[in-house]
Amino acid sequence: MYRMTKAPAEIARLFGASSGAGANFAAEVYPGYPGLVVAEGETRVMTWGFPLVLKGKNGQPLKPKPVNNAREDKLGTSFWRPSFERRRCLIPVTAWAEAEGIKGQMTRTWYSLAGEEVVAVAGLWRATEEWGAAYSMIMVDGCPQMADVHDRMPVVLAREKWEQWLAGTPAEAFALCQTCSNELAVDRRAERWGAGRSAATSG
């Protein structure tokens, strides 16, 4: 999950984008729920996660699973490649969370860039039959500050690299899929990991 607490108009200003229609999303974004992205020059609300179509034991279709993260070493596969080559986006993020602790008692550990109110995370998007426009984050190896909690982290893009991610060649974009070297702010809380999910569409 991640948090995005800025208003859409402020994100549009920060990212030099126009404001798209429909901005109903919660401050805390969970897989399968709406979130704000910057794509094709405007802010747009999409569903977080590409739908993965599943089938039951007897071949019956099951509810699609949202695949909310794309590993950088999988971007050349058929599931991700068309979007990576043609539909890259920026995901405004205030902070992202990882689960910490034993199963059933996990709490949230929040990460953000020290001194930054919002960062741009590298993302992909595509149109889907199941949920309309959907997006996913690019993940790489985690930095040392995260090593005790998780071994992966989002691709955090410096401002001067935003255009390269959006409009560069696939090779130029792939070169940006690197572990962030900036200092992270770490916020460990006693919040239960799943708390707030039921209200995730009320923003």
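1. Starting with the E4/E5 pair in this predicted model: strand E4 (residues 34–39) runs antiparallel to E5, and 6 bridges join them. If you want a register check, look for leucine 36, which sits opposite valine 45 of E5.

2. What does the turn of that hairpin look like? There are 2 residues between strands E4 and E5, and glutamate 40 has a positive phi near 55°. Worth a glance on your Ramachandran plot.

3. E5 (residues 42–48) has parallel pairing too. Strand E2 (residues 18–19) pairs with E5 in the parallel sense over 2 bridges, with serine 18 partnered to glutamate 42 of E5. Strand E13 (residues 132–141) also pairs with E5 in the parallel sense, again over 2 bridges; here threonine 47 has alanine 134 of E13 as its bridge partner.

4. On to the packing. The largest nonpolar core counts 52 residues, and Tyr2, Ile91, Trp96, Tyr135, Ile138 and Trp165 have the most contacts inside it. Which strand gives the most to this core? That would be E12 (residues 119–128), with 6 residues. Apart from this core there is another one, of 5 residues, including Met1, Tyr30, Ala95 and Ala97.

5. Tryptophan 96 deserves its own point, being among the residues with the most contacts inside the largest core. Setting aside neighbours within four places in sequence, Trp96 touches Met1 and Tyr2, the run Thr109, Trp110, Tyr111 and Ser112, then Met146, Met153, Pro154, Val156 and Leu184. Note that Met1 turns up in this list while being a member of the 5-residue core.

Notes: Residues are numbered from 1 along each chain as its sequence is written. This is a predicted model: local features need pLDDT of at least 70, side-chain atom pairs count only at pLDDT 80 or more; totals for chains, interfaces and linings use all residues. Side-chain values use heavy atoms; hydrogens and water are left out. A nonpolar core is a set of buried Ala, Val, Leu, Ile, Met, Phe, Trp, Tyr and Cys residues joined through side-chain atoms within 4.5 Å. Buried means under 20% relative accessible area, exposed over 50%, partly exposed in between (1.4 Å probe, protein chains only). Helices (H or I, at least four residues) and strands (E, at least two) are DSSP runs, numbered from the N terminus. Contact means heavy atoms within 4.5 Å. Two strands pair if DSSP finds at least two bridges between them.
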